[in-house]
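Biologist: I should like to go through this model with you and test the terms used to describe it. Please set each value against its cut-off.

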Amino acid sequence: MLTTYISNIFTVSTMQLTIVLIITASIFLVFIAVAIIKMYKLKAENKRLLDNNFYKSKIDKSYQDFTDGHLYDNNNS
């Protein structure tokens with residue numbers, strides 16, 4: 001009698017399992033939606049920063065052409 005009562009307590013109906021799975025899936029869908037929105041916002045911010053003239057000029061100044069150094073043979077005549 002006691003084992004029947006305990007097994008009835010722990011049984012889960014199909015309806016209860018379906019509700020739990022729907023709730024879990026809904027929570028994960030919300031997390032995925034928030035992550036996608038945040039990704040697009042970060043991509044737009046990154047594009048805005050890359051289009052900034054100060055950033056471009058800083059990159060252009062930092063690059064130097066080292067191919068004219070003594071390690072390269074540029075006298076091909």
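Biologist: What makes the nonpolar surface patch, and what is its area?

Modeller: In this predicted model, Met15, Ile19, Ile23, Ile27, Phe28, Val30, Phe31 and Val34 form a nonpolar patch of about 820 Å². Nonpolar side chains are joined within 5 Å, and a member must have over 30% relative accessible area.

Biologist: Why is methionine 15 called exposed?

Modeller: Its relative accessibility is 60%. Exposed requires over 50%, so methionine 15 counts as exposed. Methionine 15 is placed in helix α2.

Biologist: Why is serine 26, which also lies in helix α2, called partly exposed?

Modeller: Serine 26 has a relative accessibility of 37%. Partly exposed covers the range between the 20% and 50% limits, and therefore serine 26 falls in that class.

Biologist: What makes the approach of serine 26 to isoleucine 22 a polar contact?

Modeller: The side chain of serine 26 comes to 2.7 Å from the backbone oxygen of isoleucine 22. The limit for a pair of N or O atoms is 3.5 Å, with one able to donate a hydrogen and the other to accept it, so the pair qualifies.

Biologist: How do you know that arginine 48 and glutamate 45 form a salt bridge?

Modeller: The N to O distance between their side chains is 2.6 Å. The cut-off is within 4 Å, so the pair meets the rule. By this rule the count is 1 salt bridge. Side chains of opposite charge can pair when their charged atoms come close. Both residues belong to helix α2 and are 3 residues apart, about one turn of the helix.

Biologist: Is glutamate 45 buried, partly exposed or exposed?

Modeller: Partly exposed, because its relative accessibility of 36% lies between 20% and 50%.

Biologist: What share of the protein chain counts as buried?

Modeller: Of its 77 residues, 0% count as buried. The accessible surface of the chain is about 7900 Å², of which 67% belongs to carbon and sulfur atoms.

Biologist: Which helix has the highest mean pLDDT, and which the lowest?

Modeller: Among the elements, helix α2 (residues 14-50) has the highest mean, 94, and helix α3 (residues 53-62) the lowest, 61. The chain averages 79, and 61% of the residues score at least 70.

Conventions: Residues numbered from 1 in each chain as written. Predicted model: local features only at pLDDT ≥ 70, side-chain atom pairs only at ≥ 80, totals over all residues. Heavy atoms only, no water. pLDDT = per-residue confidence, 0-100. Helix = DSSP H or I, 4+ residues; strand = E, 2+ residues; numbered from the N terminus. Buried < 20%, exposed > 50% of the residue type's maximum accessible area, 1.4 Å probe, protein only. Areas by Shrake-Rupley, 256 points an atom, 1.4 Å probe, with all protein chains shown as cover. Patch = residues over 30% accessible without salt bridge, like charges linked within 9 Å, V, L, I, M, F, W, Y side chains within 5 Å.
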